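Here is a short walk through one protein chain. Keep the sequence and the model side by side.

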Amino acid sequence: MAKPGHSWNRRKSKKEEEEEEEEGEDPVDAMIARTGCTAQHWALQDCMAEHRDWRRCQPHVQAFRDCMARQQRPRPQDPEQPQRSPPGH
């Protein structure tokens, strides 16, 4: 079973990653992987594992925040596709 919370530890070895995959993927890691912000997430995690002080990791925090914000912005619709009206209209 995945560990609750999000710990600030070193990156896992290949063997540890394989063992965790057998248990199932962490839902937080899965969500971050879908955003495309995995590199920024791991850079932040590595910084936190090293310094254990979010104030010293602000460049990493900001890079991760910016990446996540880009992923959460609504994307403009493709002008080639017709607009759908809500159900019932």
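How much area does the protein chain expose, and what share of it do carbon and sulfur atoms supply? The exposed area is about 7600 Å², and carbon and sulfur supply 51% of it. Areas follow the Shrake-Rupley method with a 1.4 Å probe; for residues, only the protein chains shown count as cover.

This is a predicted model: local features need pLDDT of at least 70, side-chain atom pairs count only at pLDDT 80 or more, and totals for chains, interfaces and linings use all residues. Residues are numbered from 1 along each chain as its sequence is written, and side-chain values use heavy atoms, without hydrogens or water.

Begin with confidence. The predictor scores each residue from 0 to 100 as pLDDT. The chain averages 79, and 57% of its residues reach 70 or more. Helix α1 (residues 14-23) has the lowest confidence, at a mean of 65. Helix α3 (residues 38-51) has the highest, at 96. Where pLDDT is low, predicted coordinates should not be read in detail.

Next, the fold. The chain has 4 helices and 0 strands. Helices are DSSP runs of H or I, at least four residues; strands are E runs of at least two; both are numbered from the N terminus.

Now look inside. Of the 89 residues, 19% are buried (under 20% relative accessible area, 1.4 Å probe, protein chains only). The largest nonpolar core has 10 residues, among them I32, L44 and F64. Such a core joins buried Ala, Val, Leu, Ile, Met, Phe, Trp, Tyr and Cys residues through side-chain atoms within 4.5 Å. Helix α4 (58-72) and helix α3 each give two or more residues to this core. The largest share, 4 residues, comes from α4.

Notes:
Buried means under 20% relative accessible area, exposed over 50%, partly exposed in between (1.4 Å probe, protein chains only).
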